[in-house]
Amino acid sequence: MQQRLWESVSGGVGFLAYAWYPAIAPVAPPPPSSFSAAQVERGRVLAAGGYCAECHTRTDGKRGVELAGDYKMDTPFGAIFSSNITPDPETGIGRWSEAAFKRAMRKGISRDGTQLFPAFPFDHFTHMTDQDIDDVYAFLMTREPVHSVKRDNTVGFPFNIRLEQAGWKLLFLHEGPLKNDPSQDAEWNRGAYLAEGLSHCSACHTPRNLMGAEKASAPYDGAPVDNWIAPPLNEHNPTPVVWTEDEYFKYLRFGSAPLHGSAAGPMSPVVHGGLSEMPESDVHAIAHYLAQIDHSATRVSRTPRRLHGPCRHPCRIWSARSEPEREVYAGACAACHANAGPQPVEGRPDLALNNALWLDEPTNLFQVILRGIGTTEGISTVSMPSFYHSFSDADLARLAPTCVRPARPCRRGPIWRRRRARFARPCPFPLSRRPIELKDGART
Ligand code: HEC
Ligand code: HEC
Ligand code: HEC
């Protein structure tokens, strides 16, 4: 008993020693001239590839100044507001030394020793090299300082106890730069470095456990994010044409893959704000890496049959008996989306091939219909109109299963019926911006 007590006391003391970090002394803000232009430029590209500005710029209510923080992240535990990472000495990181910055990126510890929440993806940034972290520091320290205080988090007890984060890290943080895998080629290793570290693809594409950590048992298995679904990027990706290295590259470089679709919603800034700033060879490397994750080389042989089915019979839907939903689909969607040739027309995603129609949940389909796709999303300069003011929830519930139909033109089996039932539900996320008077099916 005594022994057990002593063990737990010493265990507790050990944990506290592990969890406690000293403050790192503040320094005088380093003058911008102390960094070379080349290093700042390298840091700019890296900061883009890690989407620092995406998460560190307020977007709700009034738009904040870039990197001045206060971006609201809704987590299952409450809202977390991001920090000001401009070099403001009082409210930003102006008095952070390079060592303090590196500790935050590697261990998720703030300069004053506070444990940070993993809403800040330090569990990925930890894999960056020292040089890359130093370059990002140089970029941030040469920005304009902005005085801005963030709002208070709404994370409730007991999750708001920051010391608990030490336990989280003990379980889920694999600290340190990513090790080179000698059994793989240099391009694969570069792709892994970017995807797992800086560009943290799995932060959105891997499901999370009850403690908010990515499930190690289900890498890239797809996950909900901000009322969208980040589809699986492994062999569970449901789209009928297998993602190949070439398709990945086109999607990640240009925002659209001809045999799949466009990068909309939360995937849009990944492509247009992040990867677009990176050298083409880096985007190739990520595509190369992903193509190994989804084993496309062994799955690709099924592609032609899968592709030709939907493309040759896109209009089979029209030969079925007349239904009002089909009229809606014909009027609202088919003019732009019906492809008659053997290959989809560039810029007009074939709905039969798109993730929005193949995922189990209609979330992405509803998002695309309601929001539309802006000219800065998906394919640049091309857009899809929003049907936000045209459709009621009831319209959507009728329309969505109709859209699924061309995806499976010939098979009316139980899977199709189950999917049709799922897609016929009301919109699965809150439509807070929707004008109330449209709820009853009124049209504008
Ligand atoms: C997915 C969103 C997200 C991304 C992407 C992101 N951050 Fe953050 N970051 C946060 C949040 C949220 C916090 C606050 C965490 C907390 O309060 O515990 C934070 C905190 C920080 C902190 C600690 C600041 C302090 O005062 O303690 C630093 C430094 C930081 N981020 C740097 C970066 C850099 C550099 C990048 C890009 C390479 C980046 N972040 C990308 C969400 C993000
Ligand atoms: C902020 C969350 C987020 C991050 C980070 C993210 N993705 Fe995505 N991704 C999404 C969402 C949401 C979609 C669905 C977009 C759509 O359907 O238009 C998506 C779609 C995709 C698709 C298309 C899948 C399909 O079947 O249609 C690919 C490929 C992809 N992402 C690759 C990546 C890669 C590679 C990275 C890292 C460089 C990455 N994603 C980072 C959220 C994210
Ligand atoms: C005026 C032409 C037009 C109409 C009408 C239209 N779309 Fe689109 N749609 C597009 C274009 C163009 C894109 C690709 C946009 C891009 O990549 O920037 C697109 C993309 C899509 C995507 C793929 C999104 C992704 O993330 O890959 C889906 C799904 C979609 N549309 C569904 C529909 C549905 C359902 C309707 C009817 C309610 C519809 N569209 C009506 C032009 C249209």
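What follows is a walk through the ligand shells, the annotated sites, the nonpolar core and some backbone oddities of a predicted model.

Some bookkeeping comes with the model: it is predicted, local features need pLDDT of at least 70, side-chain atom pairs count only at pLDDT 80 or more, and totals for chains, interfaces and linings use all residues. Residues are numbered from 1 along each chain as its sequence is written, while chains are lettered from A and ligands numbered from 1 in the order in which they are written.

Ligand 3 makes a good starting point. Its shell holds 28 residues, of which Gly261, Ser262, Cys333, Cys336 and Gly378 come nearest; a residue is taken as near a molecule or strand if its C-beta atom, placed from the backbone, lies within 6 Å of it. Strand 6 (261-262), helix 16 (324-337) and helix 18 (363-371) each put at least two residues into this shell. Helices here are DSSP runs of H or I with at least four residues, strands are runs of E with at least two, and both are numbered from the N terminus. Helix 16 gives the largest share, five residues. By type, the shell splits into 18 nonpolar, eight polar and two charged residues, where Ala, Val, Leu, Ile, Met, Phe, Trp, Tyr, Cys and Pro count as nonpolar, Asp, Glu, Lys and Arg as charged, and the others, Gly among them, as polar. Ligand 3 lies between domain 2 (186-300) and domain 3 (313-438), because both give residues to its shell; the domain bounds come from an automatic or database domain assignment.

Helix 16 turns up again in the annotation. An unreviewed UniProt entry has a "binding site" that covers Cys333, Cys336 and His337; UniProt positions follow the numbering used here, feature names are shortened, and annotations may be inferred rather than shown by experiment. Cys336 sits in helix 16, and so does His337. Cys336 is partly exposed, with 14 other C-beta atoms within 10 Å, whereas His337 counts as buried, with 20 C-beta neighbours inside 10 Å. The cut-offs are 20 or more other C-beta atoms within 10 Å for buried, 12 or fewer for exposed, and anything in between for partly exposed, with C-beta atoms placed from the backbone. Setting aside residues up to four places away in sequence, His337 touches Arg348 and Leu351, a contact being two C-beta atoms, placed from the backbone, within 7 Å.

A second "binding site" in UniProt, again from an unreviewed entry, lists Cys201, Cys204 and His205. Helix 9 (202-205) holds both Cys204 and His205. Cys204 is buried, with 21 other C-beta atoms within 10 Å, and His205 is buried too, with 25. Beyond four places in sequence, Cys204 is in contact with Ala223, Val225, Ala230 and Pro266. With the same exclusion, the partners of His205 are Tyr220, Gly222, Ala223, Ala230 and Leu233.

On to ligand 1. Its shell counts 23 residues, and Gly50, Cys52, Cys55, Ser110 and Phe120 come nearest. Helix 3 and helix 4 (98-107) are the elements that give two or more residues, with the largest share, three residues, coming from helix 3. This shell divides into 17 nonpolar, five polar and one charged.

As for packing, nonpolar side chains in soluble globular proteins tend to be buried together. The largest nonpolar core has 83 residues, and Tyr248, Leu252, Ile286, Ala287, Leu290 and Leu365 touch the most other members. Such a core is a set of buried Ala, Val, Leu, Ile, Met, Phe, Trp, Tyr and Cys residues joined through C-beta atoms within 7 Å. Helix 12 (residues 280-293) gives the most to it, eight residues. Tyr248 touches Trp243, Ala287, Leu290 and Ala291, not counting residues up to four places away in sequence.

Finally, the backbone. Most residues other than glycine have a negative phi, and most peptide bonds are trans. Tyr51, in the loop between helix 2 (37-49) and helix 3 (52-55), has a positive phi near 50°, and it is buried, with 20 C-beta neighbours inside 10 Å. His200 also has a positive phi, about 30°. His200 occupies the loop between helix 8 (186-198) and helix 9 and is buried, with 23 C-beta neighbours inside 10 Å. The peptide bond from Phe157 to Pro158 is cis, with omega near 0°; Pro158 falls in the loop between helix 6 (130-141) and helix 7 (164-172).
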